[in-house]
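Trainee: I am new to this one. Could we go through it in short questions?
Mentor: Yes. Here it is.

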Amino acid sequence: MNDFNLSADIVQIEISELSPNSKDFKLVGVIISKRSARSFTDRKNETRSVWNFTLRDSPLYFINVAAWGSEEYIDKLFTTFNVGDIVELINPRVSLRKAQEDTKYQPFPTSSFDLTLSEGKSEINYYSGSDIGRYVRCYHLPTKHPESYVKLQDIVYYTQHNQERRDINLLVAVKY
């Protein structure tokens, strides 16, 4: 989606291999969640936009990604890429994940890092490698540990006998 020169030394790594020192890499995965793009005026009185999504590359690992740039750039990314798309991120910035209230509306990431895509510095593209089936299989996997799910019959019990607020995880199948 960008027209900048990429280093020939870019290597593909997985979410589990990320470190704060990761540089010149690409990461491939399936978008499992996306949020609406948001725009705001920064301290320099310029309009900036951000789009957040969650990327998964294996049954165990997924990570939150923030794409930053101009309103036009972020709107194009938001309308181009959807949940279920297999994408490659090239040269994202790696940072330690901060505890945020916002993550309660996304799958809680298993990685201790966040990724940032910046207009003109990193890139997101559709992925079409020969191993694409590996990522397609990850799309439908639950994001919670199986032991955290509650049976429907236990919901009433939990709500009547637990004084403090508790999140309840359900695993359901919807047929339409």
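Trainee: Is Glu119 buried, partly exposed or exposed?
Mentor: This is a predicted model, where local features need pLDDT of at least 70, side-chain atom pairs count only at pLDDT 80 or more, and totals for chains, interfaces and linings use all residues. Residues are numbered from 1 along each chain as its sequence is written, and side-chain values use heavy atoms, without hydrogens and water. Buried means under 20% relative accessible area, exposed over 50%, and partly exposed in between (1.4 Å probe, protein chains only). Glu119 has 36% relative accessibility, so Glu119 is partly exposed.

Trainee: Where does Glu119 lie?
Mentor: Helices (H or I, at least four residues) and strands (E, at least two) are DSSP runs, numbered from the N terminus. Strand E8 covers 113-118 and strand E9 covers 123-126. Glu119 lies in the loop between strand E8 and strand E9.

Trainee: Which residues make a salt bridge with Arg134 and with Lys26?
Mentor: A salt bridge is a side-chain nitrogen of Lys or Arg within 4 Å of a carboxyl oxygen of Asp or Glu. For Arg134, the closest N and O atoms are 2.9 Å apart, and the partner is Glu14. For Lys26, the closest N and O atoms are 3.1 Å apart, and the partner is Glu88.

Trainee: Which strands does the pair of Lys26 and Glu88 link?
Mentor: The two residues are 62 apart in the chain, so this pair links distant parts. Glu88 counts as buried because its relative accessibility is 13%. Lys26 sits in strand E2, and Glu88 in strand E6.

Trainee: How many aromatic pairs are there?
Mentor: Rings of Phe, Tyr and Trp (its six-membered ring) pair if their centres lie within 6.5 Å; planes under 30 degrees apart count as stacked, over 60 as edge-to-face and the rest as tilted. By this rule, the count is 5 aromatic pairs.

Trainee: Are the rings of Phe81 and Tyr126 stacked, edge-to-face or tilted?
Mentor: Their centres are 4.9 Å apart. Their planes stand at 50 degrees, so the pair is tilted.

Trainee: How far apart in sequence are the parts that Phe81 and Tyr126 tie together?
Mentor: Phe81 is in the loop between helix H1 (71-80) and strand E6 (86-90). Tyr126 is in strand E9, so the parts tied together are apart by 45 residues.

Trainee: Which of the two, Phe81 or Tyr126, is buried?
Mentor: Tyr126 has a relative accessible area of 46%, so Tyr126 is partly exposed. The value of 0% belongs to the buried residue, Phe81.
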